[in-house]
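User: Could you take a close look at one part of this model for me? I would like to understand the strand that matters most to the nonpolar core, and how its surroundings fit together.

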Amino acid sequence: MASRAFTTFQLSASLLLALLATCHAGSIAIYWGQNDGEASLAETCASGNYEFVILAFLPKFGKGQAPQLDLASHCDPSSGGCRSQSKDISSCQRRGVKVLLSIGGADGNYGLTSPGDASQVAMYLWNNFLGGTSSSRPLGDAVLDGIDFDIEQGGAKFWNNLATDLKKLGKNGGKTVLLSAAPQCPFPDEWDGGAISTGLFDYVWVQFYNNQECQFDAGRAAFMDAWNKWESVPAGKIFLGLPASSSKDAAGTGFIPARELTSRVLPLIKGSPKYGGVMLWSKYYDDRSGYSSAIKSYV
């Protein structure tokens with residue numbers, strides 16, 4: 001009887017631990033589109049490693065400019081060649097993968113000059129990539145799940161207006177528009193901070209790389225101080241953003257070897273109420289390192 005009771009206790013404890021692990025299970029988000037030689041979008045989603053794929057980038061918009069998509073050698077938007085990605089986007093979504101378009105990036109020519117400019121950009125994004133209609137949708141008929149703000153230049157004003165307008169368009173159009181942001185880890189972010197403070201963002205994947213004062217190798221105290229500050233923002237889930245490779249082309253600093261991430265870093269943050277998982281830059285580097293496969297079961 002005692003042996004049976006102990007066995008029952010062990011089983012209950014195991015189930016409880018499994019439940020807790022499930023409650024804090026995270027996702028992997030990956031940026032795709034900026035490098036020659038990376039897997040296709042359909043192949044990326046078929047791997048089963050990612051819950052979010054972020055198309056990078058729309059690096060030209062606002063300030064009265066005609067917006068311009070750039071997916072490197074994957075396709076040529078000027079000739080309508082990127083419409084062929086529509087099939088792959090739909091394939092991803094059927095697998096349950098959320099596909100977002102990232103606006104901005106480290107390079108490009110973008111910015112907002114007024115609330116009216118933000119409204120025009122929001123309408124362009126809605127009609128050309130989201131639930132609206134346009135005769136010139138760069139990615140074809142596929143309806144993306146949302147917009148990612150990777151704002152790294154162009155001033156800090158009016159991004160909150162853009163976020164508000166996008167959410168309103170989605171609500172009025174009967175189509176949820178997910179919003180994500182990729183701020184740098186120094187808090188608050190110089191460009192994305194105002195938009196994130198609206199409370200409209202579903203996901204914030206913080207770049208804990210190329211920022212030596214707050215990435216993990218700055219020390220546990222500095223890293224956790226930054227993480228806890230980002231946990232305080234009015235957003236849905238917070239992700240740990242990392243390069244997927246030690247290659248200096250992926251990031252100058254901030255790479256964490258997979259074993260160190262799973263044994264030393266994730267245990268510090270997985271219990272956080274807003275923990276969402278890990279964001280990786282980018283699919284090209286992940287293809288060569290196998291990083292996502294090495295960490296997926298621990299995220």
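What follows is a walk from that strand outwards through the barrel, the core and the aromatic contacts.

Analyst: Happy to! Please keep in mind that this is a predicted model.

Let's begin with the core itself. The largest nonpolar core has 93 residues, and strand β2, which covers residues 52-58, contributes the most to that core, with seven residues. Strand β2 is mostly covered as well: seven of its seven residues are buried. L55 belongs to the group with the most contacts inside the core, together with F149, L162, L166 and W205.

Now for the setting of β2. Eight strands close into a barrel, running in the order β1-β2-β4-β6-β7-β8-β9-β10, with parallel pairing. From one strand to the next, the twist averages 25 degrees. On one side, β2 pairs with strand β1 (residues 27-32) in the parallel sense, over four bridges. Within this pairing, Y31 stands opposite I54 of β2. Elsewhere in the barrel, strands β8 (residues 203-207) and β9 (residues 237-243) also pair in the parallel sense, over five bridges. There, Q207 has G241 in β9 as its bridge partner.

Helices pack on this sheet too. Helix α5 (residues 159-172) touches β4 (98-105), β6 (146-151) and β7 (178-181), and its direction makes about 175 degrees with that of β6. Helix α8 (residues 258-269) touches β9 and β10, with its direction at about 155 degrees to that of β9.

Back to β2 for its aromatic residues. The whole structure holds 20 aromatic pairs. One of these is the stacked pair of F57 and W281, 6.0 Å from centre to centre with 20 degrees between the planes. F57 lies in strand β2 and W281 in strand β10 (residues 275-281), so this pair links parts that are 224 residues apart in sequence. Both rings belong to buried residues: F57 has a relative accessibility of 9%, and W281 has a relative accessible area of 16%. Because the cut-off for buried is under 20%, W281 counts as buried at its 16%. An edge-to-face pair is formed by F216 and F223, at 5.4 Å centre to centre and 85 degrees between the planes. F216 is buried at 10%, and F223 is buried at 0%.

F52 takes part in one aromatic cluster with Y203, W205 and F239. W205 is also among the residues with the most contacts inside the core. For a ring with a charge over its face, look at Y284: R288 lies 3.8 Å from the ring centre.

Finally, F149 is a good place to see how the core connects to a loop. Leaving out residues up to four places away in sequence, F149 touches I103, W159, L162, A163, L166, L179, S180, A181, A182, D192 and F201. Two of these, L162 and L166, are listed with F149 among the residues with the most contacts in the core. D192 sits in the loop between β7 and α6 (193-196) and counts as buried, at 0% relative accessibility. Apart from neighbours within four places in sequence, D192 is in contact with F149, I151, A181, A182 and P183. By contrast, D70 is 21 Å from D192, C-alpha to C-alpha, with their positions 122 residues apart in sequence.

Terms used: Residues numbered from 1 in each chain as written. Predicted model: local features only at pLDDT ≥ 70, side-chain atom pairs only at ≥ 80, totals over all residues. Heavy atoms only, no water. Core = buried A, V, L, I, M, F, W, Y, C linked by side-chain atoms within 4.5 Å. Buried < 20%, exposed > 50% of the residue type's maximum accessible area, 1.4 Å probe, protein only. Helix = DSSP H or I, 4+ residues; strand = E, 2+ residues; numbered from the N terminus. Contact = heavy atoms within 4.5 Å. Phe/Tyr/Trp six-rings, centres within 6.5 Å; stacked < 30°, edge-to-face > 60°. Lys NZ or Arg CZ within 6 Å of the ring centre and 35° of its normal. Pairing = 2+ DSSP bridges. Axes fitted to C-alpha atoms, helices over the stretch in contact; angles between N-to-C directions.
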